Amino acid sequence: MHSPGNASFTASFQPCELPAVATGSNGMLARCQVDFAGSSGTVELVGQAPNQVHEVVFRGRNDETVQRIPVSARPFIDPENVSIIVRDMNFDGMPDFGLRDFALTGPNEPWQFWIWDRGHNRFVFHPALSKLPNPELSTASKVVRAHVVDDHSNITTNTYTWHKGDLVLQDSGREVSR
């Protein structure tokens, strides 16, 4: 059983509640305070303890369900962090959502990302962004960078920009390890 307590987001360090759930039991694994869709609310990670997430539930300010997203992920969920990101990933001014795909330690961290769709008022899965390991955002230059480390510790850095909802590769460079 993981003990109840608090944790922080991976990226934005907002508080998350970790309810007590017995290992192997189903329930709410984490509930985090977030801002999305122009308002405050919560995101809940629901699944089997300790970290098998089956559903992400977004709730509005009055605890009403805004959206349920079925998922299959095994992110970090522990007193130090809950592996989610709530931040504007496509530079449109609205927070988007990321969930670490599984608790891998190493340079190529896999994530799943959903972009906020203003027209439909919901998060929509973005397959191309989800293929990028541990994307890094530059809000100043409005680019997304992905650093891919191969088996020989060589690093390829791909730089993308957004164009009409799609990621477009702008540059790719490789640093060879000696």
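A disulfide is a pair of cysteine sulfur atoms within 2.5 Å. By that criterion the structure holds 1 disulfide. The model shown in these views is predicted.

**View A. The disulfide joins cysteine 16 to cysteine 32.**
The two sulfur atoms are 2.1 Å apart. The torsion about the S-S bond of cysteine 16 and cysteine 32 is about 110°, so the disulfide is right-handed. Cysteine 16 belongs to strand S2, and cysteine 32 belongs to strand S3. The pair links distant parts of the chain, 16 residues apart. Both ends lie inside: cysteine 16 is buried at a relative accessible area of 1%, and cysteine 32 is buried at 0%. Across the strand pairing, cysteine 32 stands opposite valine 43 in S4.

**View B. Strands S3, S4 and S5 are joined by antiparallel pairings.**
S3 and strand S4 (residues 39-48) run antiparallel and share 10 bridges. Their hairpin has 2 residues between the strands. Alanine 37, in this hairpin, takes a positive phi near 55°. S4 continues the pattern with S5: 7 bridges join them, again antiparallel. The hairpin of S4 and S5 has 3 residues between the strands. Within this pairing, threonine 42 stands opposite arginine 59 in S5.

**View C. Phenylalanine 36 and phenylalanine 58 form an edge-to-face pair.**
A search of the whole structure finds 10 aromatic pairs. In the pair of phenylalanine 36 and phenylalanine 58, the ring centres are 5.2 Å apart and the planes meet at 65°. Why does this pair tie together parts that are 22 residues apart in sequence? Phenylalanine 36 lies in strand S3 (residues 26-36) and phenylalanine 58 in strand S5 (residues 52-59), so the contact spans that separation. Phenylalanine 36 is buried, with a relative accessible area of 4%. Phenylalanine 58 is buried too, at 1%. Ring pairs link both residues into a cluster with Phe97, Trp114, Trp116, Phe123 and Phe125.

**View D. Tryptophan 111 and phenylalanine 113 form a stacked pair, and both contact serine 130.**
The centres of the two rings are 6.0 Å apart, with 25° between the planes. Tryptophan 111 and phenylalanine 113 are both buried. Serine 130 sits in helix H1 (residues 127-130). Is serine 130 buried or exposed? Its relative accessibility is 15%, so serine 130 counts as buried, because the cut-off for buried is under 20%. Leaving aside neighbours within four places in sequence, serine 130 is in contact with Trp111, Gln112, Phe113 and Phe125.

**View E. The largest nonpolar core has 27 residues.**
Nonpolar side chains tend to be buried together in soluble globular proteins. Here, Leu45, Val56, Phe97 and Leu99 have the most contacts inside the core. Elements that give two or more residues to this core include strand S2 (15-18), strand S6 (65-73), strand S8 (84-87), strand S9 (96-100) and strand S10 (111-117). S3, S4 and S5 are also among these elements. S3 gives the most, with 5 residues. Which residues does valine 56 contact, leaving aside its neighbours within four places in sequence? Valine 56 is in contact with Val43, Glu44, Leu45, Gln67, Arg68, Ile69, Val71, Phe97 and Leu99. A second, separate core has 14 residues, including Ile115, Leu132, Leu137 and Val144.

**View F. An open sheet of 4 strands has the order S12-S13-S14-S15.**
Strands of a sheet pair through backbone hydrogen bonds, either parallel or antiparallel. In this sheet the pairing is antiparallel. Strand S12 (136-138) and strand S15 (166-175) are the edge strands, and each pairs on one side only. From one strand to the next, the twist averages 25°. Strand S14 (residues 155-163) pairs with S15 over 9 bridges, in the antiparallel sense. One of the facing positions is threonine 159, whose bridge partner in S15 is aspartate 171.

Methods
Residues numbered from 1 in each chain as written. Predicted model: local features only at pLDDT ≥ 70, side-chain atom pairs only at ≥ 80, totals over all residues. Heavy atoms only, no water. Buried < 20%, exposed > 50% of the residue type's maximum accessible area, 1.4 Å probe, protein only. Contact = heavy atoms within 4.5 Å. Phe/Tyr/Trp six-rings, centres within 6.5 Å; stacked < 30°, edge-to-face > 60°. Pairing = 2+ DSSP bridges. Axes fitted to C-alpha atoms, helices over the stretch in contact; angles between N-to-C directions. Core = buried A, V, L, I, M, F, W, Y, C linked by side-chain atoms within 4.5 Å.
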